[in-house]
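Please work through the following exercises with the sequence and the model in view. Each task is followed by a solution in steps.

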Amino acid sequence: MSLARRLLREARIDLWAATLGVLVNTVLGSNVVPRPLRWLGYKAFGARIATPNIFPGAKLLGPMRHVRIGPGTFANRELYLEAVAPIEIGRDCQLGPQVMIVTSHHDRTPDGGVSKAPRGRAVRIGDRAWIGARAMILPGVTVGDDVVIGAGSVVTRDCLEPGVYVGSPARKVGP
């Protein structure tokens, strides 16, 4: 990638952070904005969120059109959605405080380094999933319907069968 192209890309990121990012994350995500107003604001910026239950401190990064959250879902404080690729969260889910969902991946370069350009991998969370506090869902993962992810777990691969998954990496430990 040429220097001019890299500089333009970096300027776009900074411009988003200074404008839309401030409105979405600093203003709408603040403690003083009521949940219904926050919900309407997210929708106005292109997120497809069907629930007003997004609590303060949420950070939504990337194109807002990549964020889809179903009806009846509850997201506790400080949800972190890095939506380089689409994030789809089903209906009637429970997301604990400081849950992190990441969609960007950085490929290895031929010389053994790591590419600075992110490549998105979509994340899907099914209906009625419960994601515990500070759990992390990594790029490309699908969490199935009726799955429980324990607090602090790191989900590195699909968890499709209903049950309880815990640990780093998360493994199924119960029904």
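The exercises below concern a strand and its partners, the cysteines, and an aromatic pair.

This is a predicted model, in which local features need pLDDT of at least 70 and side-chain atom pairs count only at pLDDT 80 or more, while totals for chains, interfaces and linings use all residues. Residues are numbered from 1 along each chain as its sequence is written, and side-chain values use heavy atoms, with hydrogens and water left out.

**Exercise 1.** Determine which side chains of strand β17 point to each face, and which strands β17 is joined to.

*Solution.* Step 1: locate the strand. Strands are DSSP runs of E with at least two residues, numbered from the N terminus, and β17 covers residues 163–166.

Step 2: consider the general pattern. In a regular strand, side chains alternate between the two faces of the sheet.

Step 3: apply it. Gly163 and Tyr165 point to one face and are buried (under 20% relative accessible area, with a 1.4 Å probe and protein chains only). Val164 and Val166 point to the other face and are not buried.

Step 4: find the partners. Two strands pair if DSSP finds at least two bridges between them. Strand β15 (residues 147–149) runs parallel to β17 and is joined to it by three bridges; here Ile149 stands opposite Tyr165. Strand β18 (residues 171–174) runs antiparallel to β17, also with three bridges, and Val166 stands opposite Arg171.

Step 5: inspect the turn. The hairpin of β17 and β18 has four residues between the strands, and Gly167 takes a positive phi near 100° there.

**Exercise 2.** Explain why Cys93 and Cys159 are not bonded to each other.

*Solution.* Step 1: state the criterion. A disulfide is counted for a pair of cysteine sulfur atoms within 2.5 Å.

Step 2: compare the distance. The closest cysteine sulfur to that of Cys93 is in Cys159, 14 Å away, and therefore too far for a bond.

Step 3: check the whole structure. The search finds zero disulfides.

Step 4: note the surroundings. Cys93 is buried at 0% relative accessibility, and Cys159 is buried at 1%.

**Exercise 3.** How many aromatic pairs does the structure hold, and what does the pairing tie together?

*Solution.* Step 1: count. Rings of Phe, Tyr and Trp (its six-membered ring) pair if their centres lie within 6.5 Å, and the search finds one such pair.

Step 2: describe the geometry. Phe55 and Phe74 lie 5.0 Å apart, centre to centre, with 55° between the planes. This pair is tilted (neither under 30 degrees, which is stacked, nor over 60, which is edge-to-face).

Step 3: place the residues. Phe55 lies in the loop between β1 (48–49) and β2 (59–61) and Phe74 in strand β4 (residues 74–75), so the pair ties together parts that are 19 residues apart in sequence.

Key: Buried < 20%, exposed > 50% of the residue type's maximum accessible area, 1.4 Å probe, protein only.
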